[in-house]
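Here are a few notes to read alongside the model. Have a look at it first, then work through the points below.

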Amino acid sequence: MALRKFLRNRPAGPVLRTLDVDTTQPRPRVTAQISAGILSTGIALAVGHAIAGLIAPGSSPFLAVADSVVDRAPAAVREATIDALG
């Protein structure tokens, strides 16, 4: 019974609730967000590489990603890259 009353009296569309947000402050620019993402990724890789250098040099996340890319590359691309870069 209460469910029927609720369904009859509810708004037709979706109920949108806004939080108490201060919209007067400017949003960060997209370039700042991209720069922050690239910088944090670089820092994470550098820290992982430094720690791996102290513990086990072969376990570096940078080397693991590079090996994974090389393993998944098509043979023709791999051979052309080896010929170009040595």
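1. How many helices and strands does the secondary structure of the protein come to? Four helices and zero strands. Going along the sequence, the pattern reads α-α-α-α. Keep in mind that this is a predicted model.

2. On to the surface. Buried residues account for just 3% of the 86 residues in the protein. The accessible surface adds up to about 8,100 Å², and carbon and sulfur atoms hold 66% of that.

3. Now for a spot worth zooming in on: Ser 60. You'll find Ser 60 in the loop that sits between helix 2 (30-55) and helix 3 (61-72). Is Ser 60 buried or exposed? Ser 60 counts as buried because its relative accessible area is 1%, and the cut-off for buried is under 20%.

4. What does Ser 60 touch? If you leave aside its neighbours within four places in sequence, Ser 60 is in contact with His 49 and Ala 52. There is also a link to the start of helix 3, where a side-chain oxygen of Ser 60 comes to within 3.3 Å of the backbone nitrogen of Phe 62.

5. Helix 3 itself has 12 residues. From its first C-alpha to its last it reaches 16 Å, close to the 16 Å expected at 1.5 Å a residue.

6. Leu 63 belongs to helix 3 as well. With a relative accessible area of 35%, Leu 63 is partly exposed, because that value falls between the 20% and 50% cut-offs. Try pairing Leu 63 with His 49: the two are 14 residues apart in sequence, while their C-alpha atoms are 8.5 Å apart in space.

7. Finally, take a look at helix 2, which is where Leu 54 lies. Leu 54 has a relative accessible area of 76%, so it is exposed, the cut-off for that being over 50%. Which residues join Leu 54 in a nonpolar surface patch? They are Leu 39, Ile 43, Val 47, Ile 51 and Ile 55, and with Leu 54 they make a patch of about 650 Å². One thing to keep in mind while you look at the numbering: an α-helix has 3.6 residues a turn, so residues three or four places apart point the same way.

Key:
Residues are numbered from 1 along each chain as its sequence is written. This is a predicted model: local features need pLDDT of at least 70, side-chain atom pairs count only at pLDDT 80 or more; totals for chains, interfaces and linings use all residues. Side-chain values use heavy atoms; hydrogens and water are left out. Helices (H or I, at least four residues) and strands (E, at least two) are DSSP runs, numbered from the N terminus. Buried means under 20% relative accessible area, exposed over 50%, partly exposed in between (1.4 Å probe, protein chains only). Contact means heavy atoms within 4.5 Å. Patches are made of residues with over 30% relative accessible area and no salt bridge: like charges are joined within 9 Å, nonpolar side chains (Val, Leu, Ile, Met, Phe, Trp, Tyr) within 5 Å. Accessible areas come from the Shrake-Rupley method with a 1.4 Å probe; for residues, only the protein chains shown count as cover. A salt bridge is a side-chain nitrogen of Lys or Arg within 4 Å of a carboxyl oxygen of Asp or Glu. The expected span of a helix is 1.5 Å times one less than its number of residues. A polar contact is a pair of N or O atoms within 3.5 Å; within protein, one must be able to donate a hydrogen and the other to accept it, and residues adjacent in sequence count only if both atoms are side-chain atoms.
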